[in-house]
Amino acid sequence: NPGPTTVNLRNQPNLNGGDIGILDIGATAVVIGRTADALWYQVEFPGQPGYTAWVYASLVQLSDPTVELPVVTP
């Protein structure tokens, strides 16, 4: 998360999805997939292996934007 604010982690890939945490400014998370339209990324929940959350793609920056992410069906 490059900032300037924290990013909500959601349980579904939409703005109505429940907030289940935040990604602090400067924090990182492992991206494991994306929605078909690439508007949302599924990430491993920071500090909780095995749990996932969704982040709005335009709010975060991928360390390698050329990586082909698999499409994940919510």
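**Strands, a hairpin and a salt bridge**

Colleague: Val 43 caught my eye. Which residue in S5 is its bridge partner?

Modeller: Ala 53 in S5 is the bridge partner of Val 43. Val 43 itself lies in strand S4. Strands here are DSSP runs of E with at least two residues, helices are runs of H or I with at least four, and both are numbered from the N terminus.

Colleague: What kind of model am I looking at?

Modeller: It's a predicted one, where local features need pLDDT of at least 70 and side-chain atom pairs count only at pLDDT 80 or more, while totals for chains, interfaces and linings use all residues. Residues are numbered from 1 along each chain as its sequence is written, and side-chain values use heavy atoms, with hydrogens and water left out.

Colleague: OK, back to S4 and S5. How many bridges do they pair over, and in which sense?

Modeller: S4 pairs with strand S5, residues 52-56, over 5 bridges in the antiparallel sense. Two strands count as paired if DSSP finds at least two bridges between them.

Colleague: And Val 43, is that buried or exposed?

Modeller: Val 43 has a relative accessible area of 2%, so it counts as buried. The scale is: buried under 20% relative accessible area, exposed over 50%, partly exposed in between, using a 1.4 Å probe and protein chains only.

Colleague: How many residues of S4 are buried?

Modeller: S4 is mostly covered, with 4 of its 5 residues buried. For the whole protein chain, 28% of the 74 residues count as buried.

Colleague: How far is Val 43 from Asn 14?

Modeller: Their C-alpha atoms are 14 Å apart, and the two residues are separated by 29 residues along the chain.

Colleague: Now the other neighbour. How many bridges join S3 to S4?

Modeller: There are 3 bridges between S3, residues 31-34, and S4, residues 40-44, and these strands run antiparallel. One of the pairs to look for is Arg 34 with Tyr 41, its bridge partner in S4.

Colleague: What connects those two strands?

Modeller: S3 and S4 form a hairpin, with 5 residues between them. Ala 36 sits in that loop, and so does Ala 38.

Colleague: What's the phi of Ala 38?

Modeller: Positive, at about 60°, although Ala 38 is not a glycine. Most residues other than glycine have a negative phi. Ala 38 has 35% relative accessibility, so it counts as partly exposed.

Colleague: Is Ala 36 buried or exposed?

Modeller: Ala 36 counts as exposed because its relative accessibility is 66%. The C-alpha atom of Ala 36 lies 8.7 Å from that of Pro 70, although these residues are 34 apart along the chain.

Colleague: Switching topic: how many salt bridges does the structure hold?

Modeller: The structure holds 1 salt bridge, meaning a side-chain nitrogen of Lys or Arg within 4 Å of a carboxyl oxygen of Asp or Glu.

Colleague: Which residues form it?

Modeller: Look at Asp 19 and Arg 10, where the closest N and O atoms are 2.8 Å apart. Arg 10 counts as buried because its relative accessible area is 12%.

Colleague: Where is Asn 8 found?

Modeller: Asn 8 is in strand S1, which covers residues 7-10. It counts as partly exposed because its relative accessibility is 32%. If you click on Asn 8 and Gly 47, their C-alpha atoms are 15 Å apart, with the two positions 39 residues apart along the chain.

Colleague: Last one, the big picture. How many helices and strands are there?

Modeller: The protein chain has 0 helices and 5 strands, giving the pattern β-β-β-β-β along the sequence. The radius of gyration is 11 Å, close to the 11 Å that the globule rule gives for 74 residues, so the protein chain is as compact as a globular protein of that length. That radius is taken over C-alpha atoms, and the rule is 2.2 Å times the number of residues to the power 0.38.

Colleague: What box do the C-alpha atoms fill?

Modeller: Roughly 25 × 25 × 25 Å, taken along the principal axes.
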